[in-house]
Structures are given as structure tokens and as C-alpha cells.
Amino acid sequence: MRPKESEEGTRWGQVMSELERALTEACEQLRLAQEEEERTEEAMDSMERRYWEGYVEALGFVIASQIQGGKK
């Protein structure tokens, strides 16, 4: 493997690692938001849950896109 390819692979790995970390954190925030919504039944808590659901979904899409297009 040429040095440039090695650097690209390292960067790709770093990006994927950061995305996975963000997804783990977002999943935890979603879990907490779901628990809070169940506990309080407040509309604002429902909005918080919906926010984290969208964030998790978006990160999943980005990760899937990286996997499909990033490693050739």
C-alpha cells in the first residue's frame, strides 16, 4: 500500500470511530429522553425524544453512507 492510501485509510478509520462514538452517545441520550417522556408525559419531553430519534437516524445514514462509499 502506498503512503497516501495508508493515510486515507487512517483518516477513514478516525472518521468512522468518531461517528460510532457520536452514535453511542446519541443512543444514550435517546434512552434518557424516552425514560423522561414516560415519567412526565410532557410535550416538551416528547420533542426531546423526537430530536434524538432524528439524530440517531441521521447518524445511522451517515455511517451507512461512509461504509458503502468510503471503503473501496
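Accessible areas here come from the Shrake-Rupley method with a 1.4 Å probe. With that in hand, start with the surface of this predicted model: the protein exposes about 5,700 Å², and carbon and sulfur atoms supply 53% of that area.

**The whole chain**

Switch to a cartoon view. You will find 2 helices and 0 strands. Helix H1 covers 3-40 and helix H2 covers 43-70. If you colour the protein by accessibility, buried residues make up 19% of the 72 residues. A contact map is worth a look too: among contacts with a separation of 6 or more, 62% are between residues 24 or more positions apart.

**The nonpolar core**

Next, select Trp 12, Met 16, Leu 19, Ala 22, Ala 26, Leu 30, Ala 33, Trp 52, Val 56, Leu 59 and Ile 63, and show their side chains. Together these 11 residues are the largest nonpolar core. Helices H1 and H2 each give two or more residues to this core, and the largest share, 7 residues, comes from H1. As a general background, nonpolar side chains in soluble globular proteins tend to be buried together.

Now centre on Ala 26. Which residues does Ala 26 touch, leaving aside those up to four places away in sequence? Look for Trp 52, Tyr 55, Val 56 and Leu 59.

**The aromatic cluster**

Stay with Trp 52 and Tyr 55, and add Tyr 51. Ring pairs link Tyr 51, Trp 52 and Tyr 55 into a cluster; a search of the whole structure finds 3 aromatic pairs. One of them is Tyr 51 with Tyr 55, a stacked pair at 6.0 Å centre to centre with 25 degrees between the planes. These two tyrosines are 4 residues apart in helix H2, so about one helical turn separates Tyr 51 from Tyr 55. Tyr 51 is partly exposed, at 48% relative accessibility, and Tyr 55 is also partly exposed, at 34%.

Turn to the rings of Trp 52 and Tyr 55. Their centres lie 5.4 Å apart and their planes meet at 75 degrees; because planes over 60 degrees apart count as edge-to-face, that is the label for this pair. Trp 52 and Tyr 55 are 3 residues apart in helix H2, again about one helical turn. Is Trp 52 buried or exposed? Trp 52 has a relative accessible area of 13%, and since the limit for buried is under 20%, Trp 52 is buried.

**The salt bridges**

Finally, show the charged side chains. The count comes to 8 salt bridges, and three of these make good stops.

- Select Arg 39 and Glu 36: their side chains meet in a salt bridge at 2.5 Å, N to O. Both residues lie in helix H1, 3 residues apart. Arg 39 is exposed at 62%, whereas Glu 36 is partly exposed at 29%.
- Move to Glu 37 and Arg 49, where the closest N and O atoms of the salt bridge are 2.3 Å apart. This pair links distant parts of the chain, with Glu 37 in helix H1 and Arg 49 in helix H2. Glu 37 counts as buried at 19% relative accessibility, and Arg 49 counts as buried at 18%.
- Go on to Arg 50 and Glu 53, whose side chains meet at 3.0 Å, N to O. Both lie in helix H2, about one turn of the helix apart. Arg 50 counts as exposed at 53%, while Glu 53 is partly exposed at 25%.

For the last view, keep Glu 37, Arg 49, Arg 50 and Glu 53 on screen together: salt bridges that share partners join them into one network.

Terms used:
Residues numbered from 1 in each chain as written. Predicted model: local features only at pLDDT ≥ 70, side-chain atom pairs only at ≥ 80, totals over all residues. Heavy atoms only, no water. Core = buried A, V, L, I, M, F, W, Y, C linked by side-chain atoms within 4.5 Å. Buried < 20%, exposed > 50% of the residue type's maximum accessible area, 1.4 Å probe, protein only. Contact = heavy atoms within 4.5 Å. Phe/Tyr/Trp six-rings, centres within 6.5 Å; stacked < 30°, edge-to-face > 60°. Salt bridge = Lys/Arg side-chain N within 4 Å of Asp/Glu carboxyl O.
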